[in-house]
Amino acid sequence: MSEEICDVIVIGGGGSGLTAALYTSRANLKTFLFEKLIAGGQIAVTNEVENYPGFPELITGPEIAMRMEEQAKKYGTQIVYDEVKSLKKDGAIFEVASSSKVYKSKAIILACGASFRMLGVPREKELTGRGVSYCATCDGAFFKGKELIVIGGGDSALQEGIFLTRFATKVTVIHRRDKLRASPILQDRARQNPKIVFVWDTVVEKVIGEKKVEGVSLKNLKTNQTSDFKTDGVFIFVGHDPNSKFLNGFVELDEHGYVKTSEFLTTSVPGVFAAGEIRAGAVKQLVAACGEGCEAALAAQYYLENA
Ligand code: NAP
């Protein structure tokens, strides 16, 4: 499609992007969706989703992702499994450069989400995949009968920590404060789980191990005392960073790198919209991401009809 200009390019195939593409495709707008890995975004690596309305019996993240992808494709979305490297506007037309070629469109929906944040401590990088993990759904089963630590005090740390107790004999949650950020329902569940133990006011200073994880060095922030802690695996859930580096000044971002939008999900560039976790102020829940995907699609449709 070197010279073909499509109506909408959606960047990102998580809940917000897939919903946006479903809406624009169903509105008969020629839609391309770019996804660099697998469709689904963060839900593709979430084991069970309990708070997406309509599935009281529980549904897994990968299953929702697969169904959303199928639904968008059913109405004509063309999914391009490639990474977007940069964006440019030439008159009223956007040029989206991927690793392999340049695609053109009349409107853009940024739905590129956020990626897990690394701790940034020594040996973390080298031991990733050798006991350090950011995905319980992907790696939990490798730790049957082992003792694990989880770092973080938010919803991800507790939800994934609880999931890990299916395999591990013990899960120690290490949190830098003495108060959890996670929602009360997950806090209650974690506290009632006999395999979960909490270590408060403590940070990991380095991961220990040559070929695989053998432990971590800890520091208590209240007493400044340091100690080594033996463990077979380190699961890190300390939040996310926006996937906005490729935008490189193309649209206005906030001080944390999230895309600034109006209440109609327009950005600083006419014809560019943003939805889901990439957006400053997003609530970071699947149902909200999908809602924003819908809103951004309707705003793009309005823009194209009135351009
Ligand atoms: P989060 O809410 O930002 O929590 C990150 C946690 O990591 C916090 O407890 C934070 O400590 C800690 N942390 C951050 N940097 C750290 C560092 N350098 N060293 C040690 N600890 C560090 O991230 P999240 O848990 O991934 O959740 C992200 C969003 O997704 C949230 O809005 C959450 O509600 C949502 N989510 C929802 C569900 C669900 O509804 N079931 C599941 C997963 C995620 P402090 O508390 O001290 O800041």
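How many salt bridges does the rule find across the interface of domain 1 and domain 2? The count is 2. The model behind this count is predicted.

## Two domains

The protein splits into two parts. Domain 1 is made of residues 3–116 + 240–306. Domain 2 covers residues 132–236. Domain 1 is thus written as two stretches of the chain, and the numbers of domain 2 fall between them.

How far apart are the centres of the two domains? Taken over C-alpha atoms, the centres of domain 1 and domain 2 are separated by 32 Å.

## Where the domains meet

The domains touch through a limited set of residues. On one side, 7 residues of domain 1 take part in the contact. On the other side, 10 residues of domain 2 do. Together, domain 1 and domain 2 bury about 690 Å² between them. Carbon and sulfur atoms give 48% of that area.

Which three residues of domain 1 supply the most buried area against domain 2? They are V45, N47 and F116. These three supply 60% of the area that domain 1 buries there.

## Charges and polar pairs

Back to the salt bridges. The rule finds 2 of them across the interface of domain 1 and domain 2. The model also has a salt bridge between the side chains of E50 and R189. The N to O distance in this pair is 3.1 Å.

Polar contacts are counted too. Across the interface of domain 1 and domain 2 there are 5 residue pairs in polar contact. The side of domain 1 that touches domain 2 is mixed in class: 2 nonpolar, 3 polar and 2 charged residues.

## One disulfide

The model has 1 disulfide by the rule used. C135 and C138 form it, with their sulfur atoms 2.0 Å apart. The link of C135 and C138 is right-handed, with 75 degrees about the S-S bond.

Are C135 and C138 buried or partly exposed? C135 counts as buried because its relative accessibility is 9%. C138 has a relative accessible area of 41%, so C138 is partly exposed.

## Two cysteines without a bond

C290 is in no disulfide. Why does C294 not bond to C290? The sulfur of C294 is 9.8 Å from that of C290, its closest cysteine sulfur, so the gap is too far for a bond. The cut-off for a disulfide is 2.5 Å.

Both residues lie below the 20% cut-off for buried. C290 counts as buried at 8% relative accessibility. C294 is buried as well, with a relative accessible area of 18%.

Conventions. Residues numbered from 1 in each chain as written. Predicted model: local features only at pLDDT ≥ 70, side-chain atom pairs only at ≥ 80, totals over all residues. Heavy atoms only, no water. Domains from an automatic or database assignment. Contact = heavy atoms within 4.5 Å. Buried area = accessible area lost by both parts, 1.4 Å probe. Salt bridge = Lys/Arg side-chain N within 4 Å of Asp/Glu carboxyl O. Polar contact = N/O pair within 3.5 Å; in protein donor to acceptor, adjacent residues only side chain to side chain. Nonpolar A, V, L, I, M, F, W, Y, C, P; charged D, E, K, R; others polar. Buried < 20%, exposed > 50% of the residue type's maximum accessible area, 1.4 Å probe, protein only.
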